[in-house]
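Here is a short set of exercises to work through with the viewer open. Try each task before you read its solution.

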Amino acid sequence: MKRLVVLIAIAAAIAFFWESGRNKVQTPIATESAKTESTGRRLGPFVIGGSEYRVVLEEKPRLPGSTQETGNTVVKMEIQDSMGNVAYERTFPVQTELEGFSDAWSVTATVLAGRTGTGLMINYALDSEPSAPTPENDSWWQLFGVIDGKLKAFSGPISVQGDLLPNDSASDVLRFKVWAHHYRIMFPVSVNWAEGKLAPAMRCDSCEYDVLPEDLSDRDDLTFVRLCPTVQGECANPQRTLVNKDSVIELVAGHAAVQWNEGSASGPSGDPNHPMTNEGTIAVPEQVWLKVRIDGKEGWLHEEEDFTALRLPFEQ
Amino acid sequence: MQLAAFFVAIAFAVQTPEQSLGSFTVAGQTFTVIVRNSSQLEIHDQSNAVQYRKPMQPGLSVTAKLAAGNGLAGLLMHYTNDNAESWQLFRLRDGKLGLLEPPMNAAPLTANAIVAGGRGSLLAARETIDLRTWGGNFYLIVPLRVDWQQGRTAPGQQCFEMAGAAGLAEVGCEMRVEAVPKPRNSDFTFVRLFNEATENMGSARHVVIKKDANIEYLAAKAIVKWSTSGDEFAANPSDIWLKVLIDNNEDNLGWIHTEEDFAAVGLPRQKAER
């Protein structure tokens with residue numbers, strides 16, 4: 001009986017100290033280098049490949065800047081296993097170099113369940129104020145999975161001006177909404193769970209992508225666009241097509257030579273002033289084409305004045 | 001006998017059909033312009049002496065008119081066929097009719113070129129006469145500078161703009177326009193309106209023109225190059241733009257320049273209507 005009591009006491013002590021260790025980031029931390037207090041926040045747990053992970057964020061109050069911003073900015077992110085071991089980490093700067101500006105990094109995490117694997121998707125975002133509004137915000141997406149029992153980044157953080165679209169059902173394809181200068185394409189990325197890699201799902205130099213609907217209700221009562229029968233360098237005789245307020249306009253497809261760069265999965269440099277040194281990109285060149293169907297008539301348009309005639313969004 | 005004389009007169013008339021283009025008084029002397037057999041042009045003085053004669057190619061038509069100057073006047077001959085047109089300008093000197101020197105294309109930088117605000121115009125320092133020049137879709141009123149005393153002509157205007165490191169680049173000058181639109185058959189036509197007569201400054205606005213729209217043709221811009229052939233000279237407009245106002249709406253004021261747009265405002269490419 002005495003032995004049992006001693007064992008219970010030892011177990012309780014171990015649990016107490018373990019919990020204290022785990023929760024230490026939840027309490028304010030005063031670092032030597034910072035004048036402001038750090039706080040901790042934990043996301044998860046997330047079960048991936050049969051193992052449990054947490055995302056631990058160290059945050060500091062955001063400097064208000066000229067726009068008097070409030071809230072926190074993430075200065076460090078760690079992905080820890082169930083034992084508290086750090087499997088991956090990234091550090092972020094606490095303040096912009098430009099006086100009067102206010103920067104805030106944020107990190108979110110979610111489990112991404114595919115058909116043949118499960119991963120942890122991390123989204124990094126930077127809010128920099130003051131800033132002009134943009135049609136789509138930039139952020140970074142990084143997928144992690146478990147390969148040979150270890151957590152592994154499948155790529156560098158992929159910079160996307162857009163978002164990650166949800167899948168209706170389990171899928172091994174990531175569907176990124178990507179800003180294409182006047183509209184938004186859906187850029188599919190295949191996940192290779194076995195090898196821990198990402199790659200564009202469409203193999204072509206210049207591909208035709210699905211596009212997302214846009215609000216075109218602001219267009220003039222009467223205008224026209226020039227439609228080309230195909231995507232071509234020089235559309236010699238585009239057909240001028242009437243568009244009125246009642247016209248039914250469908251955005252059918254986008255065409256662009258989107259460039260994919262997976263970045264480096266090997267991890268960031270650790271320099272908080274350059275947190276995304278290993279980033280990848282999904283870059284859309286300026287030259288884009290859009291296939292539309294206007295009152296049943298299909299064709300491609302690609303010049304600024306035609307996008308403007310339809311009141312498609314544009315970037316400053 | 002009278003009948004015989006009549007037939008002789010008829011036969012002579014058939015053999016030598018003569019078309020008078022009119023009589024014109026230049027510096028107090030009257031000249032008569034005659035076309036014989038549609039193949040020869042002659043200018044006669046008051047004593048019926050031939051002062052100028054030249055053969056005419058088949059299909060060529062010619063008109064003559066006075067080009068009035070400040071106290072002086074010249075005789076302007078205008079030759080046209082299906083594809084081209086040319087001019088001659090005569091003056092009276094020492095009692096005889098003589099041709100003025102044709103205009104030459106000026107170099108970009110000339111002593112009397114005026115460049116201001118990045119855009120300049122070679123202004124006429126002397127008198128100018130207007131050449132009604134067919135541009136393919138409408139008439140451009142091209143000014144020609146005339147120095148009656150020296151017997152020379154020169155381009156009435158030439159425009160330049162700053163083109164960065166390249167220095168000055170020639171651009172089209174604004175000039176008057178005469179247009180005779182054809183009826184538009186479609187319920188709608190479409191034009192791309194530019195704020196300036198260039199595609200490099202902003203994108204075009206798309207304007208739909210209804211069949212009954214009121215279209216005003218306000219001005220043209222073109223680069224005019226001069227050429228000579230024999231003793232005739234020609235004005236060759238290029239990069240032609242047309243300024244239009246649709247339904248008196250300032251939002252629909254702008255420049256157009258393609259054949260598709262010219263046709264959309266009722267001015268399709270065609271042969272000149274003389």
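**Exercise 1. Get a feel for chain A.** Work out what percentage of the residues in chain A is buried, and how many helices and strands chain A has.

Solution. Keep in mind that this is a predicted model. Start with burial: chain A runs to 316 residues, and 33% of them are buried. Next, the secondary structure: there are 20 strands and two helices in chain A. Last, look at the contacts in chain A with a separation of 6 or more: 57% of these link residues 24 or more positions apart.

**Exercise 2. Decide where to trust chain B.** Find which strand of chain B has the lowest confidence and which has the highest.

Solution. Begin with the overall picture: the mean pLDDT of chain B is 86, and 86% of its residues score at least 70. Then go to the extremes. Strand 10 (residues 119-121) of chain B is the low point with a mean of 40, while strand 21 (residues 253-256) of chain B tops the list at 98. Now check the stretches with poor scores. Residues 4-15 of chain B stay under 50 and make zero contacts beyond four places in sequence. Residues 110-125 of chain B are also below 50, but here the model has 29 contacts beyond near neighbours in sequence. For the model as a whole, the scores are ipTM 0.74 and pTM 0.79.

**Exercise 3. Trace a sheet in chain A.** Give the strand order of the open four-stranded sheet and say whether the pairing is parallel or antiparallel.

Solution. Follow the strands across: the order is 1-2-3-4, and the pairing is antiparallel. The two edges, each paired on one side only, are strand 1 (39-48) and strand 4 (86-91) of chain A. From one strand to the next, the twist averages 20°. Zoom in on one pair: eight bridges connect strand 1 with strand 2 (residues 51-61) of chain A. One bridge to pick out joins A:Ile48 to A:Ser51 in strand 2. While you're in strand 1, stop at A:Pro45: the peptide bond between A:Gly44 and A:Pro45 is cis, with omega about 10°.

**Exercise 4. Explore the interfaces.** Which elements of chain B give two or more residues to the side that touches chain A?

Solution. First count: nine residues of chain A and seven of chain B take part in the contact. On the chain B side, the elements to name are strand 17 (188-193) and strand 18 (205-210). Strand 17 has the largest share, three residues. Sorted by class, this side has four nonpolar, two polar and one charged residues.

Now turn to the contact inside chain B, between domain 1 (1-99) and domain 2 (101-274). Domain 1 brings 18 residues and domain 2 brings 16. On the domain 1 side, strand 7 of chain B gives the largest share, seven residues.

**Exercise 5. Check the backbone oddities.** Is A:Asp148 buried or exposed?

Solution. Look at the phi angle first: A:Asp148 is not a glycine, yet its phi is positive, about 55°. A:Asp148 sits in the loop between strand 7 and strand 8 (150-153) of chain A. Then count neighbours: 12 or fewer C-beta atoms within 10 Å means exposed, and A:Asp148 has 7, so this residue is exposed. Repeat for B:Asp94, which has a positive phi of about 55° too. B:Asp94 is in the loop between strand 7 and strand 8 of chain B, and it counts as exposed because it has 5 C-beta neighbours inside 10 Å.

Definitions and conventions:
Residues are numbered from 1 along each chain as its sequence is written. Chains are lettered from A and ligands numbered from 1 in the order in which they are written. This is a predicted model: local features need pLDDT of at least 70, side-chain atom pairs count only at pLDDT 80 or more; totals for chains, interfaces and linings use all residues. pLDDT is the predictor's confidence in each residue, from 0 to 100. Two residues are in contact if their C-beta atoms, placed from the backbone, lie within 7 Å. Two strands pair if DSSP finds at least two bridges between them. Axes are lines fitted to C-alpha atoms, for helices over the stretch in contact, and angles run from 0 to 180 degrees between N-to-C directions. Ala, Val, Leu, Ile, Met, Phe, Trp, Tyr, Cys and Pro count as nonpolar, Asp, Glu, Lys and Arg as charged, and the others, Gly among them, as polar. A residue is buried if 20 or more other C-beta atoms lie within 10 Å of its own, exposed if 12 or fewer, and partly exposed in between; C-beta atoms are placed from the backbone. Domain bounds come from an automatic or database domain assignment.
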